[in-house]
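Welcome! Take a moment to look over the sequence and the 3D view below, and then we will walk through some side chains together.

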Amino acid sequence: MSLLVVGLSHRSAPVSVLERASLAVEARTKLLQDTLAAEPATEAAVLATCNRIELYADVDKFHAGVAELSTLLAQHSGVGLDELTPYLYVHYEDRAVHHLFSVACGLDSMVVGEGQILGQIKDALALGQELHTAGRLLNDLFQQALRVGKRAHSETGIDRAGQSLVTFGLEQLADGDEVTAWAAGKRALVIGAGSMSSLAAATLARAGVDEIVVANRTRARADRLVEILGQAGVPTARAVAMAGVADELTRADVVVSCTGATGLVLTAEAVAGALGVDFETATQAPEAPAAAPGELDQHAAWVENGSATATAAAQDRAVRRVPVRPAATGPARLHLLDLAMPRDIDGAAHRVDGVRLVDIESLAEASADAPMAADVDQVRTIVADEVAAFGAAQRAAHITPTVVALRTMAADVVAGEIARLDGRLPDLDEKQRAEITQTVRRVVDKLLHAPTVRVKQLASEPGGAGYADALRELFDLDPQTVAAVSRADLNDPNRGRS
């Protein structure tokens with residue numbers, strides 16, 4: 001196994017960089033195809049969410065793999081390699097497995113314990129399978145990551161440590177009030193009809209808003225979401241075209257936006273206009289004070305190669321962050337939650353009197369001080385155990401084709417000897433022949449049992465990769481036969497099903 005992951009996340013990079021480096025579905029497809037075409041990689045998968053972009057690959061050379069994957073990420077993200085490199089982290093082999101399992105459990109999420117990441121990992125695997133870039137290693141890895149994440153949520157109270165990004169965002173908008181009390185009687189506008197927007201609509205419905213309006217580029221998807229909301233008992237839910245957003249904005253109390261747009265969906269001028277004020281006049285309130293050095297979000301900037309770039313990343317975040325505050329005078333009249341990456345809502349909208357804006361950047365800052373539940377330690381233990389088990393299984397699987405090839409060769413030898421016996425003793429009746437055949441097979445099986453069981457045990461231990469080679473040399477096994485067994489196992493339609 002030569003698993004390599006190169007990526008950046010809210011822990012290593014400022015949101016301004018993550019925003020620019022975000023990958024649309026088309027870009028992910030091209031990235032996977034180009035990664036597979038690169039010499040060091042034989043498999044590839046990309047995990048891209050609102051707060052992380054990670055490229056996974058099975059490589060035959062570590063240093064060449066790191067260089068190639070970093071270059072590809074820069075090319076497809078549109079951020080220059082020199083600018084991107086300080087924010088990249090690298091994990092290899094068992095550390096890469098540990099990283100993905102931690103991500104799947106929500107330990108590396110902006111909101112610790114959130115479960116949405118499991119759907120995103122599932123999507124990453126599905127894209128790799130669709131494009132045939134995910135082979136044996138990445139199929140096993142991502143499927144196991146999904147199982148580990150589900151185990152963490154079912155066996156521990158990690159859900160108590162975190163919540164969905166939507167819920168966390170609404171809590172920030174409520175500014176200390178209970179979300180249900182804050183949401184009661186409000187009219188909500190949800191822009192987008194994808195998985196995150198659908199979750200936002202459902203969360204708002206549970207919180208008790210009076211009305212939900214869904215706007216989406218594809219009207220059919222908005223209609224479908226409205227239909228689901230109606231079935232869930234939302235008093236008033238309706239769909240509008242994107243062209244109707246400006247009108248709906250004048251009536252909304254809460255706006256949640258999460259689209260795949262590459263540009264702004266709501267400008268600061270549009271937000272001000274919805275409140276009936278001029279943007280220039282409405283933004284005369286003083287800016288929030290700049291962050292002091294002691295306020296730098298140091299925890300968010302970890303990179304593998306040291307802390308110097310981490311400090312730079314933290315400073316960049318402090319300089320670029322958009323302050324989140326209620327209106328300069330009086331209570332907020334319009335609450336905006338931007339869950340898109342890149343952002344849907346102009347960050348300058350927070351300066352409009354009467355507006356409260358929460359976006360990915362402010363959520364990252366707010367989550368830095370969120371308490372971590374005791375269950376996190378239990379999840380970390382689960383991850384460590386599962387990483388060890390996955391490594392052992394992969395090492396054992398590596399030798400399985402060799403063991404199967406050995407037993408196939410032994411069966412061929414037995415068949416050949418029985419055929420020769422038939423020529424020498426043609427008068428044997430069927431009962432005698434069957435008894436002799438069974439006896440020879442038992443002898444061979446007993447001779448092979450102990451060494452094959454032991455070699456599997458040894459191969460599953462760290463450093464046991466060489467036992468397969470030793471077995472092939474000792475028994476002069478044809479490498480083509482071993483490779484054929486591996487291909488047959490990989491193409492088994494039942495392989496990987498739980």
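Let us begin with Glu435, which is partly exposed, with a relative accessible area of 47%. Please keep in mind that this is a predicted model. The partner of Glu435 is Arg442, and their side chains meet in a salt bridge at 3.8 Å, N to O. Arg442 is partly exposed too, because its relative accessible area is 37% and the partly exposed class runs from 20% to 50%.

Why do such pairs form? Side chains of opposite charge can pair when their charged atoms come close. How many salt bridges does the structure hold? It holds 22. Here are three of them, with their N to O distances:

| Pair | Distance (N to O) |
|---|---|
| Arg52 and Asp108 | 2.9 Å |
| Arg219 and Asp223 | 3.1 Å |
| Arg442 and Glu435 | 3.8 Å |

Where do Arg52 and Asp108 sit? Arg52 lies in strand 3 (residues 52-59), while Asp108 is in the loop between helix 5 (94-104) and helix 6 (116-130), so their salt bridge ties together parts that are 56 residues apart in sequence. Buried residues have under 20% relative accessible area. Arg52 is therefore buried, at 2%, and Asp108 is buried as well, at 13%. This pair also has company: salt bridges that share partners join Arg11, Arg52, Glu54 and Asp108 into one network.

The pair Arg219 and Asp223 has another setting. Both residues lie in helix 12 (residues 219-231), 4 residues apart, which is about one turn of the helix. Arg219 counts as partly exposed, at 40% relative accessibility, and Asp223 is also partly exposed, at 37%.

Now turn to Arg343, found in the loop between strand 9 (334-338) and strand 10 (355-359). Is Arg343 buried or exposed? With a relative accessible area of 18%, Arg343 is buried. Its side chain makes a polar contact with the side chain of Glu19, at 2.6 Å. Look also at Cys50: it is 293 residues away from Arg343 along the chain, yet their C-alpha atoms are separated by 9.5 Å.

Finally, visit the surface. Which residues make a nonpolar surface patch there? Met409, Val413, Leu474 and Phe475 do, and the patch covers about 370 Å². One of its members, Leu474, lies in helix 20 (residues 466-474). Leu474 counts as exposed because its relative accessibility is 69%, and exposed means over 50%.

Note on methods. Residues numbered from 1 in each chain as written. Predicted model: local features only at pLDDT ≥ 70, side-chain atom pairs only at ≥ 80, totals over all residues. Heavy atoms only, no water. Helix = DSSP H or I, 4+ residues; strand = E, 2+ residues; numbered from the N terminus. Buried < 20%, exposed > 50% of the residue type's maximum accessible area, 1.4 Å probe, protein only. Polar contact = N/O pair within 3.5 Å; in protein donor to acceptor, adjacent residues only side chain to side chain. Patch = residues over 30% accessible without salt bridge, like charges linked within 9 Å, V, L, I, M, F, W, Y side chains within 5 Å. Areas by Shrake-Rupley, 256 points an atom, 1.4 Å probe, with all protein chains shown as cover. Salt bridge = Lys/Arg side-chain N within 4 Å of Asp/Glu carboxyl O.
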